[in-house]
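Trainee: Please walk me through this structure one feature at a time. I want to learn how to read each kind of statement.

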Amino acid sequence: MIQLSKLRKEFGDLIAVNDLDLMIPQGEIYGLIGPNGAGKTTSIRMTCGLLAPTQGCVRVNDVDVLGEPERAQQYIGYLSDFFSVYEDLKVWEYLDYFARAYKMSQPEIAQRIEEVIAQVGLEVKRDTLIHGLSRGMKQRLGIARAIIHQPKVLLLDEPASGLDPKARLELRELLRSMRDQGATILISSHILTELEGFCTSIGIMEKGRLVRTGRIEEVTAEETPTRIVRLRWVGDSAESVRRILAERLELSNISLDGNGGSFHFVGSDDLLAQVLATLVSANVRVTSFGEIKQTVEDLYMKLSQHEVM
Amino acid sequence: MLLFWSNPEFVRHRRAELRRGRAFTVAAVVLVLCVLIGLAAWASAANELEMAQIRSARFGRPTQAQLFEMQQRLPSEALQLFYRSLMYTQAGILAFWSLFSCAQAVSGERERKTWDFQRTTRLRPADLMLGKLLGEPVLAYFIVLCCLPIAAISGLAAKIGLLHVLSAYLLIVSSALFIGLAGLWLSSLFESRSRGVGLIGTAGLFAFLALSFNFRVSELPGLAGFSPLAGLPQLVEPSGSATALPTLFGAQIPWLLMSLLLYMAFGAWIALMLGRNLKKDYEEMRPLSRWQAVGCAAFLNFLLYALFHPHPWSPPDSHSFTTFIVIMNGLIILAVGVATLAPHERPSVAVVGAFGGGCVRFTNMGTVCLEAGARV
């Protein structure tokens, strides 16, 4: 859906993006993370056609963004971090403007405006002048603008900056529902908790280069082959549970205390299920048993050199 | 290109600036102003008659018969004055408003951070250009629209021909469109409207268009056609103006035609530059390609040739004529050469300012000339 090939951008002597190769398939929510100045915004601006690459190619939905910009734009929705809206328009007029600008058909526009207004929860503000909206509402309106033409690809550059926690949650829900409808989302952020839980893939950028990319589970597995499992039980003593676990060769660093603890595990999910089965068959009354997932933040801290240009 | 009435950018401005309440207020204010201008015109004509009556009583001239004739002509004189005043007022409002609103159009959007969103829509540069050209000064066009029936009726009542009334409006609107287009181009060259250089550029452009009227006594009289003031007097006064007509390849043509030719020719070049660059990032803007720059230099030389009209009483000698053409070509090559450069390739004002001295300034300009020459 999004394909960046050997993408490079130079500003004088500065190489902002250095031979970036990236392929994001349909339905992915791809989180581009990295410190400020890593080249995230430049990459997104080149992807949506705002900036011409020094060399390389950008294709969105198999359309060359540089070669056929007007055609490519119908597939792209773009939202940047700091933006403004036309304060002297009403909410519906603002959306109508962009619907017309994306050359949607006239009968389709009215219905789509109502849909999008409902999606971002601005129904009661439909006929209000934008001038009178709060910062968070304007941000929601910006999101509504980005999705008014039902783009197949959403490019979001730090979209949650300026949003309150509730609005952030709503934004995540909205993005999830868009993904469920088949949209592909490329989202950049340096606030890693923003991306936690809904990105399916991540890419870590530093000094204009993509230092690591892939699905979150794959990157996690590559970086941390040892998984940490936490368990709790009732009844038996810690020592008896430790004896049962110690028999399994794939376990290490067993640390149990009272009625709970953790251990390190190397192996497949099948093998992990066998560990649980062993405990249950030994009549240990397990109340919880689960892997401690690596957060995006943990991964980033592990992979990044934290270098900026 | 989308029809202007359904052009999204035009619709946006129409909605924002012509809400029902505001439109009624503007129309009412225009009506009141028209009444005031009408009263002033009547008072002026009546005052002239009164002065004539005093002169007649004191010196016996004008005669009673002439006075009677003046009294008979009073309504018609007042109407002509009213019509003239209305037309000049409309020309002034539309030109001034178009220039200053269009000159902030793109730079203002960049400053407000709304420009990127327009660039990522499916609007083509031509759509954006048309929408902004007509949309930014939409209130001024509405004022003219409100004045139009009053001006047209008063013009016809004052025995100004319908063709003259229509021609006057054609000149007013075409000059406003050209001035707006020039302003739009100027605004596309600046990142922010708060930059002093933008305002200076706008004021400079306005001054050029107003003062170009003075070209009519030069050896390139046709250039006065840039100013609507050159053609408008001929069209709004029943007897026409006594100003000499401009020449094109030595043949005299009406000022209206001269102005339209200049607006269309230069407007086409400006539209070309805007069309190439309007959706580009600021740093990537390059007004003309190399071949377009060559074409532009050739066009300007051709124009110099077409408009050149030496004074019959003092034709230039070959030396001064050659000097003039060489200097003009130097300026043309400098201008079109600069037009082929992207912003970061242009001489930096900061560098000039930092070193200050005339030597640095000269060196910098020299670099531009050399680069411009090399490119062309």
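Trainee: Where does Thr63(B) lie?

Mentor: Start with the elements. Helices (H or I, at least four residues) and strands (E, at least two) are DSSP runs, numbered from the N terminus. Thr63(B) sits in the loop that links helix H2 (20-59) to helix H3 (64-102) of chain B. Its C-alpha atom is 9.2 Å from that of Gln53(B), 10 residues away along the chain.
A word on the source: this is a predicted model, where local features need pLDDT of at least 70 and side-chain atom pairs count only at pLDDT 80 or more, while totals for chains, interfaces and linings use all residues. Residues are numbered from 1 along each chain as its sequence is written, and chains are lettered from A and ligands numbered from 1 in the order in which they are written.

Trainee: Is Thr63(B) buried or exposed, and why?

Mentor: Count neighbours. A residue is buried if 20 or more other C-beta atoms lie within 10 Å of its own, exposed if 12 or fewer, and partly exposed in between, with C-beta atoms placed from the backbone. Thr63(B) is exposed because 10 other C-beta atoms lie within 10 Å. Val217(B) is exposed too, with 11. Val217(B) belongs to the loop between helix H9 (196-211) and H10 of chain B. The C-alpha atoms of Val217(B) and Tyr169(B) are 26 Å apart, and 48 residues separate the two along the chain.

Trainee: What span does helix H11 of chain B have?

Mentor: The expected span is 1.5 Å times one less than the number of residues. H11(B), residues 255-277, has 23 residues and reaches 32 Å from first C-alpha to last, close to the expected 33 Å.

Trainee: Which residues of H11(B) are buried?

Mentor: Remember the helix geometry. An α-helix has 3.6 residues a turn, so residues three or four places apart point the same way. Buried residues in H11(B) include Trp255(B), Met258(B), Leu262(B), Trp269(B), Met273(B) and Asn277(B). For packing, use contacts: two residues touch if their C-beta atoms, placed from the backbone, lie within 7 Å. The buried residues of H11(B) pack against H6 (125-135), H8 (162-188), H10 (228-236) and H12 (290-307) of chain B.

Trainee: How many residues does each chain give to the contact between chain A and chain B?

Mentor: Chain B gives 18 residues and chain A gives 25. On the chain B side, helix H1 (8-17) and helix H5 (115-119) are the elements that supply two or more residues. H1(B) gives the most, with 5. Now sort by type: Ala, Val, Leu, Ile, Met, Phe, Trp, Tyr, Cys and Pro count as nonpolar, Asp, Glu, Lys and Arg as charged, and the others, Gly among them, as polar. The chain B side has 5 nonpolar, 3 polar and 10 charged residues.

Trainee: What elements make up chain A, and how many?

Mentor: Chain A has 11 helices and 14 strands. Of its 309 residues, 38% are buried. Confidence comes as pLDDT, the predictor's confidence in each residue, from 0 to 100. Chain A has a mean of 86, with 93% of residues at 70 or more. Among its elements, H7 (192-195) has the lowest mean pLDDT, 68, and H3 (91-101) the highest, 95.

Trainee: What is the strand order in the sheet that holds S11 and S14 of chain A?

Mentor: Two strands pair if DSSP finds at least two bridges between them. This open sheet of 4 strands runs S12-S13-S11-S14, paired antiparallel. Its edges are S12 (251-257) and S14 (285-292), each paired on one side only. Neighbouring strands are turned by 15° on average, direction ignored.
S11(A) and S14(A) are joined by 7 bridges. In S14(A), Ile292(A) stands opposite Ile228(A). S14(A) is hardly covered: 0 of its 8 residues are buried. S12(A) and S13(A) share 5 bridges, and Asp257(A) has Gly260(A) as its bridge partner.

Trainee: Which strands does helix H9 of chain A lie across?

Mentor: Axes first: they are lines fitted to C-alpha atoms, for helices over the stretch in contact, and angles run from 0 to 180 degrees between N-to-C directions. H9(A), residues 238-246, crosses S11, S12 and S13 of chain A, at about 170° to S12(A). H10(A), residues 269-281, packs on the sheet and touches S11, S13 and S14, at about 165° to S14(A).
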